[in-house]
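Colleague: I'm new to this one and would like a close look at a single part of it. Could you take your time and then connect that part to the rest?

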Amino acid sequence: MASSNFIDYVKINIRSGAGGAGSMHFRREKHVDKGGPDGGDGGRGGHIILKGSSQLWTLLHLKYQKHIKAKPGNAGEGGRRTGAEGDDVIIEVPLGTIARLAETGEQMAEITEDGQKIILLHGGRGGLGNTHFKSSTKQAPDYAQPGEAGQEEWVILELKLLADVGLVGFPNAGKSTLLSVLSAAKPEIADYPFTTLVPQLGVVAYRDYKSFVMADIPGIIEGASQGKGLGLRFLRHIERNSILLFLVPATSEDCGAEYETLLNELREYKPELLDKQRLLAISKIDLITETDYKEIRKRLPADVPTVFLSAILQQGLTELKDKIWEALNRPENEV
């Protein structure tokens, strides 16, 4: 999966269709004198609609489509015939997409379900034909309404991945390896920092044909909340995860301190992230001794469930999945 194919942020110009003009028309029939007004209404302009699709995982298809315009409505006709409505434009986006006004940052829509539709911009209303303006004192109105203009906005579409579990850790913590072992995902794995340049999703099979979705977020570095490294660009994907799984390698100088550093970066980025359920996994235990193991355990926070694991040796994976499943099914009011 090429990293350039993952686009999670686009800015586009959208314009809804103008409404059609109402008709100013009078009946003209043989042997009918002064038939009266019969101008029809104009058709509505096309809407700009955002639609969720579970088949999409990126905004790549919108990267080079900067201007999206809906069709205008047709004008009304005589015989009280209403003009046709302009065709709506449906923009399909991945689940987890948010639409915001580029100028103010105001949120317009949030797509979380497959098939969900939200109108971003309404098409202009069609004008009323002259048949609507006749009265006892004005039996031959010679005017009709013009169609309402369409709307135009610059809009930012931003994707935040939807996943049950988000992996949080420094580069080379073993996140990609863990995801590849637990699921069928095939992230790039190598012995150098930032091998993961885009978020990766994997479906983890659990007991009795149950499953949950895990997301591997590109590695965070200290200062990511201030824009250092890749962290700031992808930290928003953590916002949509039900559980945050912090991954710290057992080979770190101080596992407890590294966990606190990661926690602080999330706090600096968005304090509400600390309200999410957290799990701590100490990875790469195949590289330490029993003495190291005991020393690490002494320095870990007591208020976070912790699992020691080795993805290479398949140790601790079942315990990890049990703890994740337990946390996912914990009532919301429980801490």
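Which residues does Thr306 touch, not counting residues up to four places away in sequence?

Modeller: Happy to, and keep in mind that what you see is a predicted model. Leaving out residues up to four places away in sequence, Thr306 touches Leu280, Ile282, Leu300, Glu319 and Lys323. Thr306 itself sits in strand S14, which covers residues 306-308. Its relative accessible area is 16%, and since buried means under 20%, Thr306 counts as buried. There's also a polar detail close to home: the Thr306 side chain gets to 3.0 Å from the backbone oxygen of Val304.

Now for some charged pairs, beginning with Glu295 and Arg299. Their side chains form a salt bridge, with 3.7 Å from N to O. Glu295 is partly exposed at 35% relative accessibility, and Arg299 is partly exposed too, at 44%. This pair doesn't stand alone: salt bridges with shared partners link Asp254, Glu295, Lys298 and Arg299 into one network.

Why do such pairs turn up? Side chains of opposite charge can pair when their charged atoms come close. In this model the count of salt bridges comes to 11. One of them joins Asp88 to Arg44, with 3.2 Å between the closest N and O atoms. Asp88 belongs to the loop between strand S3 (67-69) and strand S4 (89-94), while Arg44 belongs to the loop between strand S1 (9-15) and strand S2 (48-53), so this bridge ties together parts that are 44 residues apart in sequence. Asp88 is partly exposed, at 34% relative accessibility.

Another salt bridge runs between Lys210 and Asp208, where the closest N and O atoms are 3.7 Å apart. Here Lys210 is partly exposed, with a relative accessible area of 34%, whereas Asp208 is exposed at 63%.

For another buried residue, look at Ala99, in strand S5 (residues 97-101). Its relative accessible area is 0%, so Ala99 is buried. What surrounds Ala99? Setting aside residues up to four places away in sequence, Ala99 touches Leu50, Glu106, Gln107, Met108, Ala109, Leu120, Val155, Ile156 and Leu157. The fold also brings Ala99 and Glu110 to a C-alpha separation of 6.4 Å, although they are 11 residues apart along the chain.

Then there are the positions that come from a record. An unreviewed UniProt entry places the feature "binding site" at Ser176 and Thr196. Ser176 is part of helix H1, residues 175-182, and is buried, with a relative accessible area of 8%. Thr196, on the other hand, falls in the stretch 187-196, where pLDDT stays under 50.

That brings us to how confident the predictor is. The protein averages a pLDDT of 84, and 87% of the residues score at least 70. Besides residues 187-196, for which the model has 24 contacts beyond four places in sequence, pLDDT also stays under 50 over residues 224-231. For residues 224-231 the model has 17 contacts beyond four places in sequence.

So, back to your part: Thr306 is a buried residue in strand S14, with Leu280 and Ile282 among the residues that Thr306 touches.

Conventions
Residues numbered from 1 in each chain as written. Predicted model: local features only at pLDDT ≥ 70, side-chain atom pairs only at ≥ 80, totals over all residues. Heavy atoms only, no water. pLDDT = per-residue confidence, 0-100. Contact = heavy atoms within 4.5 Å. UniProt positions renumbered as here; feature names shortened; annotations may be inferred. Helix = DSSP H or I, 4+ residues; strand = E, 2+ residues; numbered from the N terminus. Buried < 20%, exposed > 50% of the residue type's maximum accessible area, 1.4 Å probe, protein only. Salt bridge = Lys/Arg side-chain N within 4 Å of Asp/Glu carboxyl O. Polar contact = N/O pair within 3.5 Å; in protein donor to acceptor, adjacent residues only side chain to side chain.
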